Amino acid sequence: MIDYDKFNINSLRLTYQQHSRYGLINIPNFLPDNITQKCADELDSLPLEKGKHFTRKGSCMYEYNDLSITPVQDKLVHALHSSKFIRWLEQLTGVEKLLPDPHLVGAGYMKSFRGDSLQVHTDFNWVEETHLHKAVSIIIYFNKDWDSDWGGCLNFYDFNNEELLSSIKPDWGNMLVWNYGNLVYHGYPDPMTCPEDQSRKGIRLFYYQSRSKPDADNPPHRSMYWFDEKERLPYDIKQIK
């Protein structure tokens, strides 16, 4: 599903790190055309009533994270939650020990239409279901022949929400990656003017880190195959000095 060999990870990492305020990169043609097409077709086929209608502070977007009704999305999420992709993402971003969210909180397919917008905001930083802190976000877009004049380009601003730093067009199969930050403002606040038969489509996924520490009373150890008959406790023979 993902051809890692076509990417120069060292070059991508350098581009990512050169963003003026925080790590951010737009990678063209990340997904093969046939996969992008399958995602676009599946998302177009989903009725609006099957999605969650997100309308916070005037924003408008339909979100779908029920993988039982989206088999193509299910396979894509599986690939993007895999060890191989996560290790690749860690190389790209320099953020270590990333974890996916199996519950897809705030994630999954998304689509919006003419007149819709996404008001400028900063993302949530915590998932209660897993007690993890957000670290990296990605979006992959499924929009063929999207015209920038229609709007819908995702804008990123400085930490004061004043200066426009980047404006990312939601192109066909491209992947946007950025570091989470509490002051990373982004959105497309102007209502889109795309034709009625067009929609802005993509998938969002978020990756997290745990800030837990090893337990001093029960430090990390291997599986313990030995048993101390006197102490009535398991132990690892490698820990015997």
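**Exercise 1.** Which residue stands opposite N155 in strand 12?

Solution. The model is a predicted one.
- Begin with the strands: strand 9 covers residues 154-157 and strand 12 covers residues 186-188.
- These two strands pair in the antiparallel sense, over 2 bridges.
- In strand 12, the residue opposite N155 is G187.

**Exercise 2.** Give the strand order of the open sheet that holds strands 9 and 12, and find its edges.

Solution.
- The sheet is formed by 4 strands in the order 6-12-9-10, with antiparallel pairing.
- Strands of a sheet pair through backbone hydrogen bonds.
- Strand 6 (118-121) and strand 10 (164-168) each have a single partner strand, so they stand at the edges and one side of each lacks a neighbour in the sheet.
- On average, neighbouring strands of this sheet are turned by 25° against each other, direction ignored.

**Exercise 3.** How many disulfides does a search of the whole structure find, and are C60 and C194 buried or exposed?

Solution.
- The search of the whole structure finds 0 disulfides.
- For C60, the nearest cysteine sulfur is that of C194, 11 Å away.
- For C194, the nearest cysteine sulfur is that of C60, at 11 Å.
- A disulfide requires the two sulfur atoms to be within 2.5 Å, so C60 is in no disulfide and C194 is in none either.
- For accessibility, the cut-off for buried is under 20% relative accessible area.
- C60 is buried because its relative accessible area is 16%.
- C194 also counts as buried, at 0% relative accessibility.

Note on methods. Residues numbered from 1 in each chain as written. Predicted model: local features only at pLDDT ≥ 70, side-chain atom pairs only at ≥ 80, totals over all residues. Heavy atoms only, no water. Buried < 20%, exposed > 50% of the residue type's maximum accessible area, 1.4 Å probe, protein only. Pairing = 2+ DSSP bridges. Axes fitted to C-alpha atoms, helices over the stretch in contact; angles between N-to-C directions.
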